Amino acid sequence: MNTRKKTNSSLSQIQGVVSELKKQNVNPPGGDKYISDCYGACLELIEDSHENVIDIIQYALHYRPYISPQYFVNLFFRALQYIELYEINNDSSGVHSYPVRLSTQKDWKKELVSIFEFYADDIKYILKNKNTVTTVLQRYAGPQILINMFKNSDSVTVADFGCGGNFGLPGMELEIAYEKIDDHSPEGLATSMLYPAPTINKGLAFDTEDPHKETAKEWRISCSFYPSEFSKLAKTLVLEDEVAKARKTRFTLYDLTENPVDEKGSLPRNCVDFVIISTMLYQLSPKDRESVLANAERILTSEGLIVVQDFAIKDENTSSGLDFNTAWFSKYTWSYRTFVLGEITGWKFKEALQWPNGRCRAVREGEDFQLIAETAAVAHSTS
Ligand SMILES: C[S@@+](CC[C@H](N)C(=O)[O-])C[C@H]1O[C@@H](n2cnc3c(N)ncnc32)[C@H](O)[C@@H]1O
């Protein structure tokens, strides 16, 4: 396949990507030096007008015109990490020299020149067809707090849209404890609602990628760790084995942007108390976000609640009610947020919680935290 063909991604899109690379070069996700050096090297290659890197970026933007610069840069790094782990380092000994082999910007520059020459088609394939499937159990602490706040019976039925590796609902079923969360909410109210885990009567997990496939697992591993986090891999593999023991959640392969054609299909009406959409909507175009939210509303009971968690802020001028064009990584913003939506909020997003990043080790109250707590209390007193 010759993927080197003329593409017409706009100059402003490319400038957006360059500007995001610069921002994350200074403020890399998780403060990770490897990522910072990688982006620094990439910027050097762009400045040198290195043909292969520009060709790859243009190609991907052509096929994904709606991708945000933040998401493009995120996916780009995952693609490089996949090549490192499963193409370059794929030796039978299992001893990987990634990432320590690449501890300076100079190391990365040499490596990128080689990757962009020998693995250009693999990178293009990923950037054109795949989504980031980073799966972090800790992220489900936010939805668990909201479920506990609003549940009105002992057991709940919950859907997980874009479940990735499908850890979230099985983790709740098995009552797996989250890592400690530094709680900045008034009197630690947020985390006071975290335990005990809700009893999952039935879980419905959906994704376009089947988490049980070996190829999906490789891609998930490539996505789920910053380079400096790979020491956590062994612990995560143990967790994967643990959550596989859960029995209440059924996985369905489904593109949630598609509206169901019949009533008996994968998305039955009015059957779940909560729909969790964690770190998924940012990957979609505005129109596709609307379709996913319509599907969430369809599957929800009339008193149910949608919990969206993402890098977003409330914005009623957007078609979804959320603006995803926010800075993901900054020392000053708590950019990862938990929102609720349903009949009880008048079908307007309310912001429940804020997290400094998608690793969710600290929390503080969202703009509407008090209102949400009061609404939940009123709902309980009248039920
Ligand atoms: C970043 S992962 C989030 C995984 C997990 N929810 C979490 O927060 O840790 C986003 C997931 O959304 C899935 N996804 C993206 N678009 C989708 C679609 N149209 N239908 C179903 N799943 C989708 C991706 O395959 C990916 O597994």
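Start at the ligand: select aspartate 255, where a polar side-chain atom lies 2.8 Å from a nitrogen atom of the ligand. Keep in mind as you go that this is a predicted model.

**Stop 1: around the ligand**

With aspartate 255 still highlighted, add threonine 279 to the selection. An N or O atom in the side chain of threonine 279 sits 3.0 Å from an oxygen atom of the ligand. Next, add threonine 134 and show its backbone: here a polar backbone atom is 3.5 Å from an oxygen atom of the ligand. The ligand on its own would expose 600 Å², and the protein buries 98% of that.

Now widen the view to the full set of neighbours. There are 23 residues around the ligand, and those that come nearest are Tyr140, Gly162, Asp207, Asp255 and Ser278. You have already met Asp255 through its side chain, which has a polar atom 2.8 Å from a ligand nitrogen.

**Stop 2: the whole chain**

Zoom out and switch to a cartoon view. How many helices and strands does the chain have? The secondary structure comes to 13 helices and 11 strands. The radius of gyration is 21 Å, close to the 21 Å that the globule rule gives for 383 residues, so the chain is as compact as a globular protein of that length. If you turn the C-alpha trace along its principal axes, it spans about 65 × 45 × 45 Å.

Try colouring by burial next: 55% of the 383 residues count as buried. A surface view shows what is left on the outside, about 17400 Å² exposed by the chain, with carbon and sulfur atoms supplying 49% of it. Contacts across the sequence are also worth a look. Among contacts with a separation of 6 or more, 76% are between residues 24 or more positions apart.

**Stop 3: helix H4**

Select residues 69–88, which make up helix H4. Its 20 residues reach 27 Å from the first C-alpha to the last, close to the 28 Å expected at 1.5 Å a residue. Is H4 largely enclosed or open? Because 17 of its 20 residues are buried, H4 is largely enclosed by the rest of the structure.

Two residues of this helix make good stopping points. Pick leucine 75 in H4. Its relative accessibility is 0%, so leucine 75 counts as buried. Show everything it touches beyond its neighbours within four places in sequence, and you will find Arg64, Ile67, Ile126, Leu127, Lys130, Asn131, Thr132 and Trp219. Then draw a distance from leucine 75 to cysteine 223: the two are 148 residues apart along the chain, yet their C-alpha atoms are separated by 8.2 Å.

Move along to glutamine 81, also found in H4. Is glutamine 81 buried or exposed? With 1% relative accessibility against a cut-off of 20%, glutamine 81 counts as buried. Leaving out residues up to four places away in sequence, glutamine 81 touches Tyr98, Ser222, Phe225, Tyr226, Pro227 and Phe230.

**Stop 4: two cis peptide bonds**

Tyr98, one of the contacts of glutamine 81, leads to the next feature. The peptide bond from tyrosine 98 to proline 99 is cis, with omega near 5°. Proline 99 belongs to the loop between H4 and helix H5 (105–118). Jump from there to tyrosine 195 and proline 196, where the peptide bond is cis with omega near -5°. The place to find proline 196 is the loop between helix H9 (189–192) and strand S3 (199–207).

As background, most peptide bonds are trans, and most residues other than glycine have a negative phi.

**Stop 5: positive phi in two loops**

Select glutamate 187, in the loop between S2 and H9. Its phi is near 50°, a positive value in a residue other than glycine. Glutamate 187 is exposed, with a relative accessible area of 85%.

Compare cysteine 360, in the loop between strand S10 (350–355) and strand S11 (362–365). Cysteine 360 has a positive phi of about 55° although it is not a glycine, but at 0% relative accessibility it counts as buried.

**Last stop: alanine 177**

Finish with alanine 177, in the loop between helix H8 (168–173) and strand S2 (182–183). Alanine 177 is exposed, with a relative accessible area of 54%. Draw one more C-alpha distance, to tyrosine 336: the pair is 159 residues apart in sequence and 21 Å apart in space.

How values were computed: Residues are numbered from 1 along each chain as its sequence is written. This is a predicted model: local features need pLDDT of at least 70, side-chain atom pairs count only at pLDDT 80 or more; totals for chains, interfaces and linings use all residues. Side-chain values use heavy atoms; hydrogens and water are left out. Helices (H or I, at least four residues) and strands (E, at least two) are DSSP runs, numbered from the N terminus. The expected span of a helix is 1.5 Å times one less than its number of residues. Buried means under 20% relative accessible area, exposed over 50%, partly exposed in between (1.4 Å probe, protein chains only). Contact means heavy atoms within 4.5 Å. A residue is near a molecule or strand if one of its heavy atoms lies within 4 Å of it. A polar contact is a pair of N or O atoms within 3.5 Å; within protein, one must be able to donate a hydrogen and the other to accept it, and residues adjacent in sequence count only if both atoms are side-chain atoms. Accessible areas come from the Shrake-Rupley method with a 1.4 Å probe; for residues, only the protein chains shown count as cover. The radius of gyration is taken over C-alpha atoms; the globule rule is 2.2 Å times the number of residues to the power 0.38.
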